[in-house]
Amino acid sequence: MRRTDALLLVSGIAYSSFVAAESLPRGVGPEFAKFYGSKATFTCIGNPSIVLKSSQINDNSCDCPDGSDEPGTAACSYLDPLSPEQPLPGSLTGTTNTTNALPGFWCANEGHIGTYVPFMYVNDGVCDYELCCDGSEEFAHVGGVKCENRCAAVGKEWRRLEEERKQSKERSAKRRRTLVKEARELRRRVEVMIANLQEELKRLELKKGELQKKFEEAERSERGKVVKGEGQGGKLGVLLGLAKNRVSELRDTLDKVLDQRDDLQDKVDQLEDILKKLQDEYNPNFNDEGVKAAVKSWENYAAEQASGKGPELADADIMEILKEDSETSGINWAEFQEEGASDADIVYNLEAYLPPFARDYLHEKLNLLRVWLIENGILADNPTSSGESRLVTAAREALEAAKNELSSKTSTLEEEQRDLEKDYGPDDIFRALKGKCVSTDSGEYEYELCWMDRTTQKSKKGHGNTNMGNFVRIDREMADDEERADGKGLGKGQRMVLRYDNGQGCWNGPNRRTDVWLACAETEEVWRVREAEKCVYKMEVGTPAACEDVHEPGVKTKDEL
Amino acid sequence: MLFPSQLLSGRWTAVLGLLTAFSALIAPAVSVKEHDFKKCHQSGFCKRNRAFADQALATSSWQTPYHILPESRSFQDGQFQAVILKTINDQGETVRLPITVSFLKSGTARVTVDEEKRQKGEIELRHDSKARKERYNEAEQWVVVGGLDLDKEAKLAFEDKTQATVKYGPSSNFEAIIKFAPFGIEFKRDGATQIKLNDRGLLNMEHWRPKIDKPEPEKKEAEETTTEEKKEEEQPKGEDESTWWDESFGGNTDSKPRGPESVALDISFVDYEHIFGIPSHAGPLALKETRGGEGKYEEPYRLYNADVFEYILDSPMTLYGAIPFMQAHRKGSSVGVFWLNAAETWVDITKAKDSKNPLALGIGAKTSTHTHWVSESGLLDVFVFLGPTPQDLAKTYGELTGTTAMPQEFALGYHQCRWNYVSDEDVKDVDRKMDKHHIPYDVIWLDLEYTDEKKYFTWDSHTFPDPIGMGKQLDGHGRKLVTIVDPHIKNVDGYSVSTELKSKELATKNKEGNIFEGWCWPGSSHWIDAFNPAARAWWASLFQYSHYKGSMENTWIWNDMNEPSVFNGPETTMPKDNIHHGGWEHRDVHNLNGMTFHNATHHALISRKQGESRRPFVLTRSFFAGSQRIGPMWTGDNQAAWDHLQASIPMVLSQGISGMPFSGADVGGFFGNPEKDLQTRWYQAGIFYPFFRAHAHIDTRRREPYLAGEPYTSIITAAIRLRYSLLPSWYTLFRKAHLEGTPITRPMFYTHPTEEAGFDLDDQFFVGNTGLLAKPVTEQGKESVDIWIPDDEVYYDYFTYNTVPTSKGKKVTVDAPLDKIPLLMQGGHIFVRRDIPRRSSALMKWDDYTLVVTLPKDGKSAEGELYVDDGESFDYEKGQYIHRRFVLDSTAKTITSVDAEGRDEKDIKPGDWMKKMQECEVGVDKIIVVGAPASWNKKEVTVESDGKTWTAEVEYTPAEKGGRAAFAVIKKVGARIGADWKISFA
């Protein structure tokens, strides 16, 4: 069923010496001239068994099952899979669902470029100058229409524009080369950075190993001291008791806070449910601005909630803390009590005994406790026995710092390595544009495209910015637009499309997304933005980065229609 | 939900009410907010009359309290007049109800009953109401355009103190027996009873009475919101008065200044089992019973124009428009009634075996249909049509209410619509893409987003900076733009339309007599009162090109929301106690409202500058009887679902037989995203809607036909091109509808009124009288359809010319893979096509024609018609048209073309268009004779026309075994379409 577009645009000059145009029936293109040579009869091109009188050529009545007897009229234009099917003995399919042997009505367009016009445009009372500047397709003047020959002007203008296009393409190509150079430089920098990082990581690994050793040594010697430390058992015993109580208190409070949190969460959930139902079930046709505004705010809220989930304390972790201290969980108080003696340093290092997940959480709490103990004179400030433990602390801190540096450098390295593998388009070109943005004014909004990052709709009425999608990947699609005189359009052919997905959730619809279509231009420029359907945006953007066929300037590749 | 509200303080009731409202808000979504619309029991007068009917029908000795005062009667010039006395209490007090029975030349009888006290204004209105005192008596002015000439030949055949018999009608074969006591009228045709009025004694005209304030038994403050529950208890005896003086629904209270005033009547169709009409409802063509039971409705059919959001199917619920014209059919006979009342109306329908004659029970018993019509206010005004054919009904009803306006030809093309094309560039892009994909279309539409903040007659300057540039591009290929203009006018400062509406006092008023304010698309709005002639004149001025900047000669208009839709009003419409021009309450005129607005726009567009005069195009959503004279309607906001595609066909057929055939459903479905196969099938069905428009909701994905992808785009294109190739036939059918009131797509009962098996079929139809029989596929995955064949005629497949193995009264299975439209050609017809695919109908204007002749079974003759004019002006009224009649006569061995009206072409002074038709020699290209016998196997035939004789070549293709019929193609006939010609194939 697919219609094969057989219409070609052929340079008229190439065939100008082919045959004398006057001798040919109207509408016959140069490459078909050979079929129309005989004066007396005509043989259907695709059905040689059918021989017609030559008077039947262009008599505005379709005789050949392949349409070849009507090169100059619309009479055979229904021989087309797009028209309702009728029996047609002799055609390839036996029906009108067939292909015309001719590509169209040949419009010579002297002074411009000859072209085929679809048969259905012939004698319909409309001058199709953009195809047939000589007006010859309206030879019958139906309804009184007269199409003058405009080829001289059209051809001149076309050549002027073509020259302009050519020059523009050359300039664009130059700019593209600059971009490619920049991109190459940027890539090189990344590569250098990666090499440096790899070196540094090696060094850090070594350093970490050394520090680990130092720390372990310091700890070992310190532990000996702790065990042998002078007894301050009585005072520490009291402290232990107080600390234990305090921990219990804290635990109870945490428990209550948790309950309260759960209550509040329930309420939030209920309210969110109500709002969600309102959003789902309100009647959007009852254009109540109040309801619409409420639903919109809710959607923004929900979208934020979905994207911006803060680091949440897992309930399991809290429950772990809330467990009564025992041999297997939390602080084994008994251990200290049994030994009969303890050391304030233990309190300082209490957290070291906790499971790692609880450590961070309790760290802060215990610090507070420690401060409280000190302030209340329960714990001596700057205890005498801390001299050596500071050594351990310092060792650990040094080790931690080394570890942190290592992991942050590692992730930087990974990031840069990923970046290197990422698709930045042909010649890595978008590397040169990354981090830059272009925007355009469009009615009540300003639209912004940030290369390889996100697209944004900025309200001029102060409704805030809306994320229209985050960059995902580069695709290619066929564009099929009219050529624009100013060149600011996609034209026809394969174009790069940058996909920006999963933007802010949309009013009564899915998340916003933007397809950024690129076409060759001298500078970065957002030509137009359209929301053809809800929440789906199409940006047409010019950039030298999209000039891929620049090495062949001036070649017209478009196929009309 | 019931609350024990009597037990609660008012405050608590209010809170509970709020809660109820809130829980309704978060209740599970149903497709239609059904609770937004009244059921009969929530509409006071419906409930009262249904209760009245229940009581009457349950009482074996029921006597209607109405009788004619014998001495008041008179009969003159085809008009019977008398006074009906209604006994209103046990004391025998009566009220006087003047009755007029008019016998019209067309054979139609009209029964009108008024109420003397209201007529004379001898009543008191409550609440200082500014409303008129009479029963609404101006519906006729809006609806009836002719056919009211009295039948002076009608004569009183019999008369005594108990009854009068009038003989009337075409050959005096109609008879009306007016019985005085109890009052009733029986209509007979050829001696057999057809229709009876008040046979079951359900006539009820609620007469005026003053409100007598009874001591209120400890009423609570919360009374208003809970009347529903209260009255059950407070009603120990007598009539249910709870809804006499006011009633509430959905938080709105109707003040009812005139008290109860409903009119109701039972109408029985004797021996008629099949009834049709009273659109618009989303249900089967054949109306169902409404008093409950298996496969029946619980609710009466309702006629109360409303903006029904996401309507449900198979329901008697009201929709956007109303035509209170009902037809009853039985084998070989058709009768009908037209209930001329514009107020809220409910119709109950029951069917019963005749019990009048006990001997008839059993095998011989016939089923009769009993209907019960109830309107809230106004006159009792009913027209009775005695047929006997469906065509007679169409004709006589058409004489009364008018026929389909002759549309511009483009209106029959394909309309591409969406809420919304987002900018002028978007429109131009769609326009280009349609061309690029070789898909013809005529009109592109703009929904309300083109306006500057919903202010009609303005453009959004950001998105539509250059409407003229857009309009010119469309005009380049003969295309049109339709913009939406609704009756609500944004209530905002600095908007001249709003300022003028207010300052000139042209808006509908509220019950206090101030300008009514409500909510619609623009937020706070006022409504133009198109009942007011001054408002209409002002409205016309707004459409002048000089005022409506950006509009052009190819800009036409879409009137939506004209029920009217009022978002915060009762049942999403206006309060009934609003006041219109002339002091009429909105309740009196509600169902007319949409038509008056549609009419105002129509008249505004006839001429938008000095010297211009063209046929307007205005689409409406709301309509009433008579709207056909103005423009097309569509079936409103349907859904992208197979069952909605299915439902669209009976809905369109119902419009057709109810005098308003120019109708269609949104192709593709308004809400939701159709799957590709559904979209494709919808186009294949949509090409048979007289009004063929694709439309989509703003939240749907884009779905212009070229976006569907292959194979869908090609299949859809071929379907649209089929529509375009048949435009000459469609246009001819519109001409017929314009002249004769005939439906355009025709159900089986209409075309074959003697074949009972076809009466309930509403999924297949004939395209006018072309012999084309279509049955669109409306089920997912279905690859064949069973077409019921009404007669012994031969049927050919439209696309293959295969002879379909049919037999009368049987179904035949026709293959219908996705790319195939089930379409048959009945033998015996000649229909006309234009085969060259063009970009729009305007560009087909000068193309030659193809005639398709389908030879009948007996091979004897075939005939058909073609009507063509300039397609846009009113010059056809001055004879500037071509109307041919084609006949193939196998005996004479000729095919001829003669003027269908016997005119001589030479007598018509050709205007511009006629001249061009002659100059361009627009003629007959080829004639395809399907089913041509072997005698057609010849080289050539002779053509005679314009005083010349020549030969035309014939190509004969013999029949193929197992299917294709033989056919002959006469090539290059060459005769002018406007000229007489004769082809001899001897």
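**Exercise 1. Backbone exceptions in chain B**

Where is the place of B:P182 in chain B? Locate this proline in the predicted model, then examine the peptide bond that precedes B:P182.

*Solution.*
Step 1. B:P182 is placed in the loop between β8 (174-179) and β9 (184-189) of chain B.
Step 2. The peptide bond running from B:A181 to B:P182 is cis, and its omega is near -10°.
Step 3. A cis peptide bond also joins B:E710 and B:P711, with omega about 5°. B:P711 belongs to the loop between β32 (692-694) and α14 of chain B.
Step 4. Phi of B:I278 is near 35°, which is positive although the residue is not glycine. B:I278 is found in the loop between β15 (274-277) and β16 (301-303) of chain B.
Step 5. These entries deserve listing because most residues other than glycine have a negative phi and most peptide bonds are trans.

**Exercise 2. Two helix pairs of chain B**

Determine how α7(B) is oriented with respect to α8(B), and how α14(B) is oriented with respect to α15(B).

*Solution.*
Step 1. Helix α7 (residues 424-436) and helix α8 (residues 467-475) of chain B have axes that come within 9 Å and cross at roughly 10°.
Step 2. Angles under 35 degrees count as roughly parallel; α7(B) and α8(B) are therefore roughly parallel to each other.
Step 3. On the α7(B) side, B:D424, B:V427, B:K428, B:D431 and B:R432 take part, and they meet B:P467, B:M470, B:Q473 and B:L474 of α8(B). Sorted by class, this contact has four nonpolar, one polar and four charged residues.
Step 4. For α14(B) and helix α15 (residues 727-740) of chain B, the axes come within 5 Å and cross at roughly 55°. With that angle, α14(B) is oblique to α15(B).
Step 5. B:R723, B:Y724 and B:S725 of α14(B) make this contact with B:L727, B:P728 and B:W730 of α15(B). Its classes are four nonpolar, one polar and one charged.

**Exercise 3. The contact between chain B and chain A**

Describe the extent of the contact between chain B and chain A, and identify the element of chain B that gives the most to the side touching chain A.

*Solution.*
Step 1. Chain B contributes 69 residues to the contact and chain A contributes 58 residues.
Step 2. About 5500 Å² is buried between the two chains, with 53% of it on carbon and sulfur atoms. Within chain B, the residues losing the most area to chain A are B:K436, B:H438 and B:R839, which together account for 12% of what that side buries.
Step 3. The polar part of the contact includes 20 residue pairs in polar contact, both residues being at pLDDT 80 or more. Elements of chain B that each supply at least two residues to the side touching chain A include α1 (10-25), α14 (712-725) and β48 (948-957).
Step 4. The greatest contribution to that side comes from α7(B), with seven residues. By class, the side of chain B that touches chain A has 27 nonpolar, 13 polar and 29 charged residues.

**Exercise 4. Salt bridges between the chains**

How many salt bridges are counted between chain B and chain A? Trace two examples, one with B:E425 and one with B:K436.

*Solution.*
Step 1. The count between chain B and chain A is ten salt bridges, while the structure holds 107 over all chains.
Step 2. B:E425 is bridged to A:R484, and their closest N and O atoms are 3.9 Å apart.
Step 3. B:K436 and A:E482 form a salt bridge through their side chains, at 4.0 Å from N to O.
Step 4. A:E482 lies in the loop between β8 (465-480) and β9 (492-501) of chain A, and B:K436 lies in helix α7 of chain B, so this pair joins two chains.

Conventions: Residues numbered from 1 in each chain as written. Chains lettered and ligands numbered in written order. Predicted model: local features only at pLDDT ≥ 70, side-chain atom pairs only at ≥ 80, totals over all residues. Heavy atoms only, no water. Axes fitted to C-alpha atoms, helices over the stretch in contact; angles between N-to-C directions. Helix = DSSP H or I, 4+ residues; strand = E, 2+ residues; numbered from the N terminus. Parallel < 35°, antiparallel > 145°, perpendicular 65-115°, else oblique. Contact = heavy atoms within 4.5 Å. Nonpolar A, V, L, I, M, F, W, Y, C, P; charged D, E, K, R; others polar. Buried area = accessible area lost by both parts, 1.4 Å probe. Polar contact = N/O pair within 3.5 Å; in protein donor to acceptor, adjacent residues only side chain to side chain.
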